[in-house]
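Here are some friendly notes to read beside the model. Please keep the structure open and find each residue as you go.

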Amino acid sequence: MGSEAGELRLRTTAIRTGVHLVSATGALDRESVPELEHELEQVPVAADVIVDLDEAQVADSSAFGVLRRFAARLRRRGNELTVVCEHDSATRALLRRAGVSVSDEHDGALRYLLGRRLLRRLRWR
């Protein structure tokens with residue numbers, strides 16, 4: 001990827017067993033959304049996912065559509081997507097309307113997902 005100011009940059013990190021963080025920096029719009037889609041497809045099947053949009057500029061509804069579809073796919077597998085969007089209340093509201101779980105901060109999102117994983121394990125015993 002080049003060095004344009006608004007260019008989308010994505011990074012995926014395993015932050016705990018079974019929980020991955022996808023961080024987005026730059027512009028998330030119709031042109032860059034396929035990169036986000038590709039990055040999300042690389043996450044292991046059994047993982048819960050946090051998508052950090054704090055450093056991203058969400059420019060159109062195509063990003064919301066990708067996140068909504070990815071959240072639905074994770075739910076079908078018994079996993080969860082939580083989007084961290086601390087500063088942009090409009091983006092949080094749009095994501096919630098699209099059926100995507102949203103958190104104001106990373107620690108809250110991580111606690112939520114780890115709690116869900118623990119409950120799933122306890123139910124299987």
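1. Let us start with a word you will meet often: a residue is called buried when its relative accessible area is under 20%, exposed when over 50%, and partly exposed in between (1.4 Å probe, protein chains only). H20 is a good case to begin with, since H20 is buried because its relative accessible area is 12%.

2. A word on where this comes from. This is a predicted model, in which local features need pLDDT of at least 70 and side-chain atom pairs count only at pLDDT 80 or more, while totals for chains, interfaces and linings use all residues. Residues are numbered from 1 along each chain as its sequence is written, and side-chain values use heavy atoms, with hydrogens and water left out.

3. Where does H20 sit? The residue lies in strand β2; helices (H or I, at least four residues) and strands (E, at least two) are DSSP runs, numbered from the N terminus. Contact means heavy atoms within 4.5 Å. Setting aside neighbours within four places in sequence, H20 is in contact with T12, T13, A14, V43, P44, A47, D48, V49 and I50.

4. Strand β2 also holds S23. S23 has a relative accessible area of 15% and is therefore buried. Residues up to four places away in sequence not counted, S23 touches R9, L10, R11 and D52.

5. Now move to strand β3, where you will find A56. A56 counts as buried, at 14% relative accessibility. Apart from its neighbours within four places in sequence, A56 has contacts with A24, G26 and L28. Try picking out L10 as well: 46 residues separate A56 and L10 along the chain, and their C-alpha atoms are 9.8 Å apart.

6. Next comes helix α2, which has 16 residues. From its first C-alpha to its last, α2 reaches 23 Å, close to the 22 Å expected at 1.5 Å a residue; the expected span is 1.5 Å times one less than the number of residues. After α2 comes G78, with a positive phi near 85 degrees.

7. Which residues of α2 are buried? They are S62, A63, F64, G65, V66, L67, F70, A71 and L74. These buried residues pack against β2 (19-28), α1, β3 (48-58), β4 (81-84) and α3 (89-97). R76, also in α2, is exposed, with a relative accessible area of 66%. R76 and V49 are 27 residues apart in sequence, and 14 Å apart in space from C-alpha to C-alpha.

8. How do the two helices α1 and α2 pack? Helix α1 (residues 33-41) and helix α2 (residues 61-76) pack at an angle of about 15 degrees, with axes 9 Å apart. Axes are lines fitted to C-alpha atoms, for helices over the stretch in contact, and angles run from 0 to 180 degrees between N-to-C directions. The pair is therefore roughly parallel, a term for angles under 35 degrees (over 145 is roughly antiparallel, 65 to 115 roughly perpendicular and the rest oblique).

9. On the α1 side of this contact are V33, L36, E37, L40 and E41, which meet S62, A63, V66, L67, R69, F70 and R73 in α2. The residues of this contact divide into seven nonpolar, one polar and four charged. Here Ala, Val, Leu, Ile, Met, Phe, Trp, Tyr, Cys and Pro count as nonpolar, Asp, Glu, Lys and Arg as charged, and the others, Gly among them, as polar.

10. Last, look at V102 in strand β5 (residues 101-103). V102 is buried, with a relative accessible area of 15%. Residues up to four places away in sequence aside, V102 touches T82, V83, R92, L95 and R96.
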